Amino acid sequence: MSRSEFVLALAGGVGGAKLAAGLAEVLPPEALTLVVNTGDDFRLHGLHISPDLDSVMYALAGLHDPVRGWGLAGESWAFMQAFRRLGGEDWFQLGDQDLATHLLRTQLLHDVSLTEVTATLCARLGLRHRIVPMTDDPVGTRVLTDEGLLQFQDYFVRRRAQPVLRRVMFDGVESARPSAGLIAALQHPQLSAILICPSNPVLSIAPILALPGVRAQLQDRRVPVVAVSPIIGSRAVKGPAAKILGELALPVSALGIAHYYDGLLDGLLIDSSDEALCTSIRGPRIRTAPILMHELADKRALALTVLDFARELHR
Ligand code: GDP
Ligand code: CA
């Protein structure tokens, strides 16, 4: 990527964090802003928890647990055990090291914004790339399911996304302001691409797009918007994305991703094994590549591929 290019990437948690880590490997800090969903943020035991910001931050720091997909590697659970013994609620797992992040974030939030807290935490983990929350204002996700209206973490963690999803609501999003980091990235004079990471479109990317003005700015973009599919074949790599596409009556494949992002994409990167879909997807240009990421090398390779695709669309 040449010196004059600047990339904005939208990300949720696990899938977003993987590509984010790849992008941070191949782009210098000044050429990338990672905007992260905060629609999953919630308070628990008096702590402010930002699951997606933590996933991206831990992934860039190389501290993430690659097997579990969330939290820190080498985590211990002494707090959780003691808490359970005392009758504390244990449906949301909080690792001993992870607790330090939630505690410090909660403390710092008394005086400064989530943007500043995130910058501080990232700096203390030695990160140089910019990770910003989508907004500093509170946005809470609720889902309407066949079992009624549920708070997001209640649905996602306690109920393991089992209820059938009918509609998602982002409380407070109409009055939430996009963060200064998101606005600056959208208006960056060298902006050359907007990437949508392979995150859950309905739960992780939709909240970002629902912020006032964001979808509109993406729609009349000056630069290509390119997404990487979180779906390979008819399955999500992890989590309920495929189940949710089906529940929303969308095709359960990368085609469903194209439908969901209708009118927003110039390019969609799908897995090589989904080559057959190329002819059925209308709208965005399609490129195929291996999009399953295990090792850092896969993340790096996918980052280079998606940047190359965006550059080709920019011409
Ligand atoms: P969450 O907020 O932690 O649920 O995470 P995201 O929304 O960012 O990511 C969940 C999505 O990431 C799921 O739909 C997965 O299919 C997708 N995902 C996870 N790992 C990979 C991967 O290696 N490649 C691709 N293409 N998608 C992935
Ligand atoms: Ca999330």
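# Reading a ligand site and its surroundings

A backbone N or O atom of N200 lies 2.7 Å from an oxygen atom of ligand 1. The model is predicted, and the dialogue below starts from that contact.

User: Happy to start there! Which other backbone atoms lie close to N or O atoms of ligand 1, and at what distances?

Analyst: Polar contacts are read as pairs of N or O atoms within 3.5 Å. Here G15 places a backbone N or O atom 3.0 Å from an oxygen atom of ligand 1. For I291, a backbone N or O atom is 2.8 Å from a nitrogen atom of the ligand. As for cover, ligand 1 on its own exposes 590 Å², and the protein buries 94% of that.

User: How many residues surround ligand 1, and which are the closest?

Analyst: The shell holds 21 residues, with G13, S199, S204, P230 and V237 the closest. By class, the shell comprises ten nonpolar, eight polar and three charged residues. Helix α1, residues 14-26, gives the most to this shell, with four residues.

User: S199 is one of the closest. Where is S199 found in the fold?

Analyst: Look in the loop that runs between β9 (191-196) and α8 (201-209).

User: And is S199 buried or exposed?

Analyst: The way to read this is by relative accessible area, with under 20% taken as buried. S199 has a relative accessibility of 3%, so it counts as buried. Its side chain reaches the backbone nitrogen of G12 at 2.9 Å. Beyond its neighbours within four places in sequence, S199 touches A11, G12, G13, G15, G16, S204, I205 and P230.

User: A11 appears among those contacts. Where does A11 sit, and what is it in contact with?

Analyst: A11 belongs to strand β1, residues 6-11. Its relative accessible area is 0%, which means it is buried. Sequence separation and spatial separation can be read side by side here: A11 and P198 are 187 residues apart in sequence, while their C-alpha atoms are 7.7 Å apart. Leaving out neighbours within four places in sequence, the contacts of A11 are G16, V35, V36, N37, V56, C197, S199, I205 and I208.

User: Helix α8 follows the S199 loop. How many residues of α8 are buried?

Analyst: A general point on helices comes in handy when you view one: an α-helix has 3.6 residues a turn, so residues three or four places apart point the same way. In α8, nine of the nine residues are buried, so the helix is largely enclosed by the rest of the structure. Those residues are P201, V202, L203, S204, I205, A206, P207, I208 and L209.

User: What happens at the start of α8?

Analyst: There, a side-chain oxygen of N200 comes to within 3.0 Å of the backbone nitrogen of V202. N200 also has a backbone N or O atom 2.7 Å from an oxygen atom of ligand 1.

User: Let's turn to aromatic rings. How is a pair of rings described?

Analyst: Two values are used: the distance of the centres and the angle of the planes. With centres within 6.5 Å required for a pair, the count here comes to six aromatic pairs. Take W70 and W77: their ring centres are 6.2 Å apart and their planes stand at 75°, so this pair is edge-to-face. W70 is partly exposed at 36% relative accessible area, and W77 is partly exposed at 24%. W91 and F92 are also edge-to-face, because their centres lie 5.9 Å apart with planes at 80°. F92 has a relative accessible area of 12% and is buried. Ring pairs join F42, W91 and F92 into a cluster.

User: One last check on the backbone. Which residues other than glycine have a positive phi?

Analyst: Two to look at are H45, with phi of about 50°, and A161, with phi near 55°. H45 is in the loop between β3 (42-44) and β4 (47-49), and its relative accessibility of 36% makes it partly exposed. A161 is in the loop between α6 (152-158) and β8 (165-171). With a relative accessible area of 4%, A161 is buried.

Definitions and conventions: Residues are numbered from 1 along each chain as its sequence is written. Chains are lettered from A and ligands numbered from 1 in the order in which they are written. This is a predicted model: local features need pLDDT of at least 70, side-chain atom pairs count only at pLDDT 80 or more; totals for chains, interfaces and linings use all residues. Side-chain values use heavy atoms; hydrogens and water are left out. Helices (H or I, at least four residues) and strands (E, at least two) are DSSP runs, numbered from the N terminus. Buried means under 20% relative accessible area, exposed over 50%, partly exposed in between (1.4 Å probe, protein chains only). A polar contact is a pair of N or O atoms within 3.5 Å; within protein, one must be able to donate a hydrogen and the other to accept it, and residues adjacent in sequence count only if both atoms are side-chain atoms. Contact means heavy atoms within 4.5 Å. A residue is near a molecule or strand if one of its heavy atoms lies within 4 Å of it. Accessible areas come from the Shrake-Rupley method with a 1.4 Å probe; for residues, only the protein chains shown count as cover. Ala, Val, Leu, Ile, Met, Phe, Trp, Tyr, Cys and Pro count as nonpolar, Asp, Glu, Lys and Arg as charged, and the others, Gly among them, as polar. Rings of Phe, Tyr and Trp (its six-membered ring) pair if their centres lie within 6.5 Å; planes under 30 degrees apart count as stacked, over 60 as edge-to-face and the rest as tilted.
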